[in-house]
Amino acid sequence: MIQVVLSQPEKIEIREVPKPSPAAGQVLLKIKRIGICGSDIHAYYGKHPYIKCPIVQGHEFSAEVAELGPDVTQFQVGDRVTVRPQLTCGRCYQCLHGDYHICDELKVIGCQAEGAAQEFLAVPQDLVVKLPDSIDYDYGAMVEPLAVGVHAAGRLSELKGRKVLILGAGTIGNLTAQAVKALGANSVMIADISDVRLEIARKCGIDFTVNNARADLASEIRKTYGESKADAIIECVGAGQTINQAITLARKGSEIIVVGVFGEKPSVDVGLIQDRELRVIGSLMYKKEDYETAIDLIKSGKVHLQPLISQRFSLIQYAEAYKYIEQNREKTMKVLIEV
Ligand SMILES: [Zn+2]
Ligand SMILES: [Zn+2]
């Protein structure tokens, strides 16, 4: 079978390797679609703090069950599925208390363990999640990033009736905004510096969009929400500028959820967090139930994924896909690999 390896930064090798066979408790998957995301791009340029080369990438994907290992009873050959790409130890404090997504020894498939950028991949059966008939392979590969948004929404102490500001309208910002709204927020405002991304957010039904390269975000918040401003802010960029914006713009006593992954260590005014009693809360990946909620939201049509699909490439065009993203940074959302 064909396997795509990021052998060193900016170097992609297409290899011919033997097709794996599923061990006990594993399911062999025929990969169908892979989504390329921000962390893949950081890794491609050798700038991801936790991803080292060589690596077979691909952590957002959909697949068809091709073969069952011994002891696998929950699946059948031909099932259409997606995968929650979290390999966990099962022994650390968090694993023993239901927070396996922040396992001390967490390995993400496609980041620290072999991923889906190949024709077949064997994975433990408890990470495999069936797709309903109404969710195609494209959308199946987007359950993962949507689950990130669902989990972030769940980190808010209260969602129903709230006014939420999202910083960043890339794929994760967009899907977080959609999840927050679908799960009960009163209204969602999203800010970004790209008109293309904001236009996509509008197509997805986000209530208010602000281009904060042109408009002053503080006054836009006041115009829309009045002096009480937003009830919560979700940072989905992972940059010093946006986390500082969140801290500065937050209403006293309100919440900030940090979803963005920070490549560099920003300088942050912690004094404001103390003085204004802000609650700054991290959000990492998702749990099994976030996957289930994400699938429900897609199935019920409460989120819109089509506007996010920017471009498609075949498995052997992985390098071209990265080139495309580099050349179309401002307007690229989700690039899908068709296997
Ligand atoms: Zn991702
Ligand atoms: Zn653990």
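Guide: A residue counts as buried under 20% relative accessible area, as exposed over 50%, and as partly exposed in between. The structure discussed here is a predicted model.

Visitor: Is aspartate 79 buried or exposed?
Guide: The class follows from the relative accessibility, for which the buried cut-off is under 20%. Aspartate 79 has a value of 15%. Aspartate 79 is therefore classed as buried.

Visitor: With which lysine does the side chain of aspartate 79 meet in a salt bridge?
Guide: The salt-bridge rule asks for a side-chain nitrogen of Lys or Arg within 4 Å of a carboxyl oxygen of Asp or Glu. For aspartate 79 the N to O distance is 3.9 Å. The lysine concerned is partly exposed, at 44% relative accessible area. The partner is lysine 130.

Visitor: How many residues apart in sequence are the parts that aspartate 79 and lysine 130 tie together?
Guide: Aspartate 79 is located in the loop between strand E4 (60-68) and strand E5 (80-83). Lysine 130 belongs to strand E9 (residues 128-130). The pair therefore ties together parts whose separation in residues is 51.

Visitor: Which segments form domain 1 in the domain assignment of the chain?
Guide: The assignment divides the chain into domain 1 and domain 2, the latter being 149-282. Over C-alpha atoms, the centres of the two domains are separated by 28 Å. Domain 1 is given as 2-142 + 305-338.

Visitor: What is the area buried between domain 1 and domain 2?
Guide: The size of an interface is often given as the accessible area lost when the parts come together. Here 9 residues of domain 1 contact 14 residues of domain 2. Carbon and sulfur atoms give 67% of the buried area. The total is about 1100 Å².

Visitor: Which residues form the salt bridge across the interface of domain 1 and domain 2?
Guide: The rule finds 1 salt bridge across this interface. By class, the side of domain 1 that touches domain 2 has 4 nonpolar, 1 polar and 4 charged residues. Helix H6 (residues 195-203) holds one partner, and the loop between helix H11 (318-327) and strand E17 (334-338) holds the other. At 3.9 Å, N to O, the pair is arginine 197 and glutamate 330.

Visitor: Which class of accessibility applies to glutamate 330?
Guide: Its salt-bridge partner, arginine 197, counts as buried at 14% relative accessibility. Glutamate 330 has a relative accessible area of 42%. The limits are under 20% for buried and over 50% for exposed, so glutamate 330 is partly exposed.

Visitor: By how much of a helical turn are lysine 288 and glutamate 292 separated?
Guide: The side chains of lysine 288 and glutamate 292 meet in a salt bridge at 3.8 Å, N to O. Lysine 288 is partly exposed at 38%, and glutamate 292 is partly exposed at 42%. Because the residues are 4 apart in helix H10 (residues 288-299), their separation is about one helical turn.

Visitor: Which residues do salt bridges that share partners join into one network?
Guide: By the salt-bridge rule the count comes to 21. Some of these bridges share partners, and one network results. Its members are Arg33, Asp138, Arg312 and Glu338.

Visitor: How far apart in space are glutamate 199 and threonine 209?
Guide: Glutamate 199 is found in helix H6 and is partly exposed, with a relative accessible area of 35%. Along the sequence, glutamate 199 and threonine 209 are 10 residues apart. In space, the C-alpha to C-alpha distance is 8.3 Å.

Conventions
Residues are numbered from 1 along each chain as its sequence is written. Chains are lettered from A and ligands numbered from 1 in the order in which they are written. This is a predicted model: local features need pLDDT of at least 70, side-chain atom pairs count only at pLDDT 80 or more; totals for chains, interfaces and linings use all residues. Side-chain values use heavy atoms; hydrogens and water are left out. Domain bounds come from an automatic or database domain assignment. Contact means heavy atoms within 4.5 Å. Buried area is the accessible area (1.4 Å probe) that two parts lose on being put together, summed over both. Ala, Val, Leu, Ile, Met, Phe, Trp, Tyr, Cys and Pro count as nonpolar, Asp, Glu, Lys and Arg as charged, and the others, Gly among them, as polar. Helices (H or I, at least four residues) and strands (E, at least two) are DSSP runs, numbered from the N terminus. Buried means under 20% relative accessible area, exposed over 50%, partly exposed in between (1.4 Å probe, protein chains only).
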